[in-house]
Amino acid sequence: MPKSQFSQVRISGVVTCVPPTEKRIDDEVELFGGNVKQIARLKKTIGLDRRRVVDAKTTTADLCREAALTLLSKSQIAMDQIDSVICVTQTPDYLQPCNAAVLHGQLGLRKDCAALDVNLGCSGYVYGLWLAHMMVSAGGCERVLLLAGDTISRLAHPKDRAVAPIFGDGGSATLVERTAAQSNSWFSVETDGSGFDKLMVPAGGHRTPCSGETSQEIEDEGGNIRTLENLFMDGAEVFNFSIQVEPRAVRELLEYAETDVEGVDYFVFHQANRYILTNIAKRLKIDVAKVPMQTVERYGNQSSASIPSAICGELSEQTIAGSSRVLLSGFGVGLSWASTILDLADLSVCEIIESAPSA
Amino acid sequence: MSLDQFIEDFEEAVEDVEVGTLSPSTNYRQLEQWDSLSVLTVIAMVDADYDVRLKADDLKGCESLEALFAHIQSKASS
């Protein structure tokens, strides 16, 4: 697998923006056919509870823009100090141009500034960090703005129990910059494209454009309803994938960084759900106190924004005032997974903000 | 690996099933508690305790706990 190491690049701030509207699984008895016991089991075992969702007018770009504005103002970084912007999203405003170009214009960044999108989901934040570290290390960029976010709630059919109660929305902004001080980080990035159809939106791209047929509702054997334009998830296979690849990837990265589970203060996994995270932690024999996992019950599975959301929501005290060696690891659509070990120290800002309701 | 132990593990894996209520001939797919969530919890239990990677289809293909246990044993030895 491609592994890489960097020594003079650091994260200097992170902000995550969530929409103000909250949905609760307790209010969705109808979706579960009145089966309140099933809802109780989902809350207890999987950790589903509340989630934040956007309204019809708000997009990923809006959430990421608000996060970026707060990040840059609190970091006292001017727009003309940004050398590159990377947007990680699967829910861009347009098929073209990319969100990075749209946001580059809205933020008023310099013209000698690179702007590109990365089409990845739950593994995407770490992939974005990896790219940003390479851009800085290669010498062309002093400062990279990484914007990672998704509005998957808009792709979930409201009558599909496999996805509707799980996904929430969020947009994040992270500043990655060169530092003269030693700041080590290690990355591994991996893919298994043979599983591309385990988690996908089948229609709406160029292989199967949207049509009358793709918008037809279909009921599956489990009684869930969706169209080909909605997100489909084979929950059991994605779960199997997660508990197979994640423990191994984490072990290999720890070895590559010449450390072990004791040498890492926090393990911030993609906030898929509490059940997956406890299973991964159990296999790695990590103390669950070192594994933030409340983000999904507060905000839902936020796809590419879930790791920054967990950092801002559950680790801000450690990262603002002090220093923590963290392992970040994302896994999901692709199928794709990526992990990094790095130090989060003296962040200028590390917080969750709420977007303003759209007019 | 004994069938009795497996049935106990299964009862513990599926939320809201009382220990001691299932038998080798129980068709688990007819249980009131059997849903997509219990599919996950059983897959996780079999992975952790029996070191066997079940697919959702494996669980759909068996009619009783005895048959499922036999299926797991055949996958464990292959």
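In this predicted model, Phe267(A) has Leu327(A) as its bridge partner in S15(A). That pairing belongs to a longer stretch of ladder: S14(A) runs alongside strand S15, residues 323–332 of chain A, in the parallel sense, with 4 bridges between them. Zooming out, these strands are part of an open sheet of 5 strands in chain A, and reading across it gives the order S1-S9-S16-S15-S14, with mixed pairing. At the two edges sit strand S1 (3–6) and strand S14 (266–269) of chain A, each of which pairs on one side only. From one strand to the next, the twist averages 20°. As general background, the strands of a sheet are paired through hydrogen bonds of the backbone, in either a parallel or an antiparallel way.

Next comes a serine in a loop. Ser303(A) is found between helix H7 (295–299) and helix H8 (306–314) of chain A. Despite its place in a loop, Ser303(A) counts as buried, because its relative accessibility is 2%, and the cut-off for buried is under 20%. Leaving aside residues up to four places away in sequence, Ser303(A) touches Gly121(A), Cys122(A), Asp150(A), Ile152(A) and His270(A). With one of these, Asp150(A), the serine also shares a polar contact of 2.9 Å, side chain to side chain. Another serine, Ser194(A), is 109 residues away from Ser303(A) in sequence, and their C-alpha atoms are 20 Å apart in space.

Helix H7 of chain A brings in an acidic residue, Glu297(A). Its side chain makes a polar contact of 3.2 Å with the side chain of Arg274(A). Arg274(A) also appears among the residues that Glu297(A) touches, together with Gly47(A), Asp49(A) and Arg50(A), again not counting residues up to four places away in sequence.

Then there are the cysteines. How many disulfides does a search of the whole structure find? The count over all chains is 0. Two cysteines help to show how this comes about. For Cys64(A), the closest cysteine sulfur belongs to Cys87(A), and at 6.1 Å the two sulfurs are too far apart for a bond, because a disulfide needs them within 2.5 Å. Cys64(A) is also buried, with a relative accessible area of 2%. The story for Cys350(A) is told in similar terms: its sulfur lies 4.4 Å from the closest cysteine sulfur, that of Cys312(A), so this pair is too far apart for a bond. Cys350(A) counts as buried too, at 5% relative accessibility.

Note on methods
Residues are numbered from 1 along each chain as its sequence is written. Chains are lettered from A and ligands numbered from 1 in the order in which they are written. This is a predicted model: local features need pLDDT of at least 70, side-chain atom pairs count only at pLDDT 80 or more; totals for chains, interfaces and linings use all residues. Side-chain values use heavy atoms; hydrogens and water are left out. Two strands pair if DSSP finds at least two bridges between them. Axes are lines fitted to C-alpha atoms, for helices over the stretch in contact, and angles run from 0 to 180 degrees between N-to-C directions. Buried means under 20% relative accessible area, exposed over 50%, partly exposed in between (1.4 Å probe, protein chains only). Contact means heavy atoms within 4.5 Å. A polar contact is a pair of N or O atoms within 3.5 Å; within protein, one must be able to donate a hydrogen and the other to accept it, and residues adjacent in sequence count only if both atoms are side-chain atoms.
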